[in-house]
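Let's walk through this one together, one piece at a time. Have the sequence and the 3D view open side by side as you read.

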Amino acid sequence: MKQEKSGALDWFSRRLNLTEIFSLLTSYGVFHAELDSRKNIREAIAEAKAQPMPSYDQWPRVLGLLAVVLLLIEIVTGSLLAFYYLPTPQTARASVATILRDVDFGRFVHQIHFWGAQLLIAVLIVRVVRFLIRGVYRKPRELMWIFGVLLLLVCFHSDLTGKALPMTGTAYWSSVRALELVGSIPIYGSVMLFLLGGGETVITELTLIRFYLLHVALLPFAAITLIYLHFSGVRRLGQTETGSHETPTRGGPVIRIHLLNQAILFTILLGILVSLAVLVPYPLGDAADPYLTVPGVGPPWYLLAPFGFMELTAPFLPTWIGGTILFLTFTAFVLLPFLPGFSEGARSRGLSWVIVAALLAVWIFLTIYGARVA
Amino acid sequence: MAEESTRDDLPELSPGRRKFLQWLTGGFLSLWGVGFLWVITSFLKPPQSKSSIAERVIKVGPLDDLPVGQARLVRRGREPIWVIRPDEENLVALAGVCTHMHCVLDWDPKQRSLDCPCHEGAFDLNGNVLKGPPPQSLRRYRVETRLGEIHLHVS
C-alpha cells in the first residue's frame, strides 16, 4: 500500500516539479520556511518537517491564517451560489429566492457566504490594527503593510459588489448610495465609476454584470494574489516576534502540532459561522424598484466612518473637498511606511498606544455618527 | 516515518493505543469529508419544481382552428408534443420526440404518420413503430375538448 503510493509520487515527480507546486500551496500558511524547489519532494518535505517552527496558530498571528481559511470558505460557497445565480436585473432576485427557498442547503450556503464575508472583513481590520501596534510597516516589512491594507480594500470592494448582486430594494439603494460616495472622491471616484458602468450611478444590466465579474473573478484573484505575496514575504523575512521569546515546540514533530492546531481553529471557526448563519440570518428583501427609494438604507458598517465624515463636513465643506481629504488620508494610510520617519525605528515596535487609541477613537466616533445619520 | 517517531518526546504510547487514536482521527476527518460532500451534492441537485394544475393542463387553442387530418406541435418547455386530429370526433396527443435518437418528429398528413427526419423511422396514430430503428412506441398524452378548446394534460 505504502510502496505503491510512493511509486505514484515518484512517477509524477519525474514529470512535474512537485516541490514547487507543494511550495506554492503550502505558502498559504502551512509552512513558513522557504522550500528548496530543486530538491526532490520527499526530501523537501522531510526537511521542512524537521525544522522547528513556531506555530502560526498563536494569537495574534492567527489572523493571517484565519483570513486564508475564511477566503477559502467564501470561494467554495460562492462557487456553489454561482451555479444558480442569474446576473440580470430582471432575474437576479428571483434566482436568489430560488436558492433560499428551493435548493437543499441553499439558505445555509447563502448565509455562510454572507457571514463569512463579514468575519473576513472584521479579521482584516483587526489585522491592520495589529500591524499598526506591532510596527509591521517598518523596514524591511513595508510591503507587508501595503499588501495588508490593499487586501482589506479588495475585501471591501468584494463585499460591496456582492451586496448589490441580489438586486433587492436594500441592495439596489445601498449600491446607489455607495456609488455616490465613491463618486464624490476625485480621480479614484471617476475611475471607479467609469469601470463600474460608464459613469452611471444607477444599477443597470451593464453595471450589474460588471459588479458580478468583479465579485466572482477579478477581486478574488486579487485577494489570492495579495495573500500569496504576503506569505511569501513571511517566508523571506521570518515572522514578527510576539514579544515573549517562545519555545517553538512542545516536543514532537512540530508540523503535526501545527496541523492539529489548524484543524482545531477550522472547527471553531466553522462553529461560529454556522451559529451566526442559523441564528442571525441576513434577510432577502423585496425586489428593487428604481422608482421607490427604500427608507433607512445606509452604507455597510465598515464604510460608516467615511460616510459619517462626509455627512459631518457637508454643512461647511463642498463635497469634493471632503472627498479629497478622504482620498489623501487613505493614500497616506496605504503608503504609511514611506512617510518620513515611519520606516525607521525598532522592529516590533509600532505607533504608541496613545496614537493608535486616538485613531481608533476617531474611527469609532465617525462610525457611530455615520450610523446615526444613515 | 520511523525516525520521525523517535524524535517524539510526547508521552510514550503503546502501539495499539497509538493505532487506535490514529484510526479515530482518520475516522473523524472522514466524517467531516462526508458531511461536506453531502451538503455540496444536495446543493447541486436542481430543485424539483412542483407544477401546479395550471401548468399540468395546456390550452392548445380552439378545436375549430385545427382542421381534420392536420396536427399541431405544442411546445412545453423543451418538450415537443404533437396534437393530431385524425377525424371529426377524435384527438390524439403523442410525444414529439423519436425514441431512437431523440430527433423531433414531423407530421405526414398523407401517410397519417409521424416520421423521423433522422433515420426514417415512423409511428402510427397509436404511437406504435411502423418502420425504422426506433426501439419503443411513443408516449401518449390525454387530450380533450372543453367548450370548444383543446386541453392537453401533461405529467
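**The sheet in chain B**

Start with the open sheet in chain B, where six strands line up in the order S1-S10-S9-S4-S3-S2 with antiparallel pairing. At the edges sit S1 (57–62) and S2 (71–76) of chain B, each of which pairs on one side only. If you look across this sheet, neighbouring strands are turned against each other by 30° on average, ignoring direction. Keep in mind throughout that this is a predicted model.

Now zoom in on the edge strand S2(B). How many bridges join S2(B) to strand S3 of chain B? There are six, and the two strands run antiparallel, with S3(B) covering residues 79–84. For a pair you can pick out by hand, find B:Arg75: its bridge partner in S3(B) is B:Pro80.

Step back to the whole of chain B. Its secondary structure adds up to three helices and ten strands, and along the sequence the helices come before the strands, in the pattern α-α-α-β-β-β-β-β-β-β-β-β-β. The chain is also divided into two domains: domain 1 spans 2–44, and domain 2 spans 53–153. How far apart are the centres of these domains? Taken over C-alpha atoms, 60 Å separate the centre of domain 1 of chain B from that of domain 2.

Two totals round off chain B. Of its 155 residues, 15% count as buried. And if you take the contacts in chain B with a separation of 6 or more, 37% of them are between residues 24 or more positions apart.

Over to chain A and its helix H10, which runs through residues 205–237. This helix has 33 residues and reaches 46 Å from first C-alpha to last, close to the 48 Å expected at 1.5 Å a residue. Still, follow the helix along and you'll find a kink of about 45° in H10(A). Where is that kink centred? Look at A:Leu214.

Which residues of H10(A) are buried? Early on in the numbering you have A:Thr207, A:Leu208, A:Phe211 and A:Tyr212, then A:His215, A:Val216, A:Leu219 and A:Ala223, and finally A:Leu226, A:Ile227, A:His230 and A:Phe231. These buried residues pack against three other helices of chain A: H4 (62–82), H5 (92–101) and H7 (142–164).

One last stop: just after H10(A) comes A:Gly238, which takes a positive phi of about 85°.

Key:
Residues are numbered from 1 along each chain as its sequence is written. Chains are lettered from A and ligands numbered from 1 in the order in which they are written. This is a predicted model: local features need pLDDT of at least 70, side-chain atom pairs count only at pLDDT 80 or more; totals for chains, interfaces and linings use all residues. Helices (H or I, at least four residues) and strands (E, at least two) are DSSP runs, numbered from the N terminus. A residue is buried if 20 or more other C-beta atoms lie within 10 Å of its own, exposed if 12 or fewer, and partly exposed in between; C-beta atoms are placed from the backbone. Two residues are in contact if their C-beta atoms, placed from the backbone, lie within 7 Å. The expected span of a helix is 1.5 Å times one less than its number of residues. The bend at a residue is the angle between axes fitted to the seven residues ending there and the seven starting there. Two strands pair if DSSP finds at least two bridges between them. Axes are lines fitted to C-alpha atoms, for helices over the stretch in contact, and angles run from 0 to 180 degrees between N-to-C directions. Domain bounds come from an automatic or database domain assignment.
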